[in-house]
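Reader: I have the sequence and the model open side by side. Take me through the fold with short questions and short answers.

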Amino acid sequence: MSDDRRGGTEPAGIDELLERVRAGFVRVGPQEAVAAAADGGLLVDIRYAELRERDGLIPGALVIERNELEWRLDPQGSHRVPQAVSHDLRIVVLCNEGYASSLAVASLRQLGLHRATDLIGGFQAWRAAGLPVET
């Protein structure tokens, strides 16, 4: 057992961290993401530009790269997007395959965005479900 300076326990690996993070919220599938957007929720695409250029965009999704996410979605932040009006906003974050988005949701929830969740399987699951993609 190595000391990670938090009391002598081993640090969590990424798989364990993802498991812990995901236990704190209910993730959604592609059809549930569509329903959330239709009900006024935000679909937020955090994929980097190269993936968006290669694979396309989800119509109506707000593109916010991962490194700006918290600043853009914090309703109290000075750099927020106009859609970031409330901590009660339903937000569905998507990355390419549904891993980075889970970690992003954990961060948003720390900001009080308690209805934030992510798309299981990310953009690839959206596309595989035959949902609209703009190239």
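Reader: Are Asp45 and Arg47 buried or exposed?

Author: This is a predicted model, so every value here is computed from it. Asp45 and Arg47 form a salt bridge, with the closest N and O atoms 2.7 Å apart. As for their cover, both residues are buried.

Reader: How many salt bridges does a search of the whole structure find?

Author: Opposite charges can pair when their charged atoms come close. The pair Asp45 and Arg47 is linked in this way. Over the whole structure, the search finds 8.

Reader: Which residue forms a salt bridge with Glu65, and how far apart are the closest N and O atoms?

Author: Glu65 sits in the loop between β2 and α4, and its partner lies in helix α3, so the pair ties together parts that are 13 residues apart in sequence. Glu65 is partly exposed, at 29% relative accessibility. The partner counts as buried because its relative accessibility is 17%, and buried means under 20%. That partner is Arg52, with the closest N and O atoms 3.3 Å apart.

Reader: Which residue meets Arg72 in a salt bridge?

Author: Arg72 has 25% relative accessibility and counts as partly exposed. The partner also counts as partly exposed, at 34%. The N to O distance is 3.6 Å, and the partner is Glu68.

Reader: Which residues do salt bridges with shared partners join into one network?

Author: A salt bridge needs a side-chain nitrogen of Lys or Arg within 4 Å of a carboxyl oxygen of Asp or Glu. Where such bridges share partners, they build a network. Its members are Arg54, Asp55 and Arg127.

Reader: In what order do the strands of the sheet run?

Author: The sheet is open, has 4 strands and is paired in parallel. β2 (62-63) and β4 (116-118) each have a single partner strand, so they stand at the edges. The order is β2-β1-β3-β4.

Reader: Over how many bridges do β1 and β3 pair?

Author: Strand β1 covers residues 42-45 and pairs with β2 over 2 bridges. There, Val44 has Leu62 as its bridge partner. Towards β3, Asp45 has Leu94 as its bridge partner. β1 and β3 pair in the parallel sense over 4 bridges.

Reader: Which residue in β4 stands opposite Val92?

Author: β3 and β4 pair in the parallel sense over 3 bridges. Val92 and Leu94 point one way from β3, Ile91 and Val93 the other way, and all are buried. Opposite Val92 in β4 stands Thr117.

Reader: At what angle does helix α5 run to β4?

Author: Helix α5 spans residues 100-110 and lies across β3 and β4. Its buried residues include Ala104, Val105 and Leu108. They pack against α1, α4, β3 and β4. The helix runs to β4 at about 175°.

Reader: Which residue just after α5 takes a positive phi?

Author: Look just past the end of the helix. The phi there is about 95°. The residue is Gly112.

Reader: What separates the C-alpha atoms of Ala116 and Ala104?

Author: Ala116 is in strand β4 and counts as buried because its relative accessibility is 0%. Beyond four places in sequence, Ala116 touches Phe25, Ile91, Val105, Leu108 and Arg109. Ala116 and Ala104 are 12 residues apart along the chain, and their C-alpha atoms are separated by 9.4 Å.

Reader: How far apart in space are Ala33 and Val92?

Author: Ala33 is found in helix α2 (residues 30-38), and with a relative accessible area of 0% it is buried. Leaving aside neighbours within four places in sequence, its contacts include Leu43, Val92 and Trp126. Ala33 and Val92 are 59 residues apart in sequence, but C-alpha to C-alpha the distance is 6.6 Å.

Reader: Which residues make the nonpolar surface patch?

Author: One member is Leu17, in helix α1 (residues 14-22). Leu17 counts as partly exposed because its relative accessibility is 32%, and patch residues need over 30%. The patch measures about 220 Å² and is made by Ile14, Leu17 and Leu103.

Conventions:
Residues are numbered from 1 along each chain as its sequence is written. This is a predicted model: local features need pLDDT of at least 70, side-chain atom pairs count only at pLDDT 80 or more; totals for chains, interfaces and linings use all residues. Side-chain values use heavy atoms; hydrogens and water are left out. Patches are made of residues with over 30% relative accessible area and no salt bridge: like charges are joined within 9 Å, nonpolar side chains (Val, Leu, Ile, Met, Phe, Trp, Tyr) within 5 Å. Accessible areas come from the Shrake-Rupley method with a 1.4 Å probe; for residues, only the protein chains shown count as cover. Buried means under 20% relative accessible area, exposed over 50%, partly exposed in between (1.4 Å probe, protein chains only). Two strands pair if DSSP finds at least two bridges between them. Contact means heavy atoms within 4.5 Å. Axes are lines fitted to C-alpha atoms, for helices over the stretch in contact, and angles run from 0 to 180 degrees between N-to-C directions.
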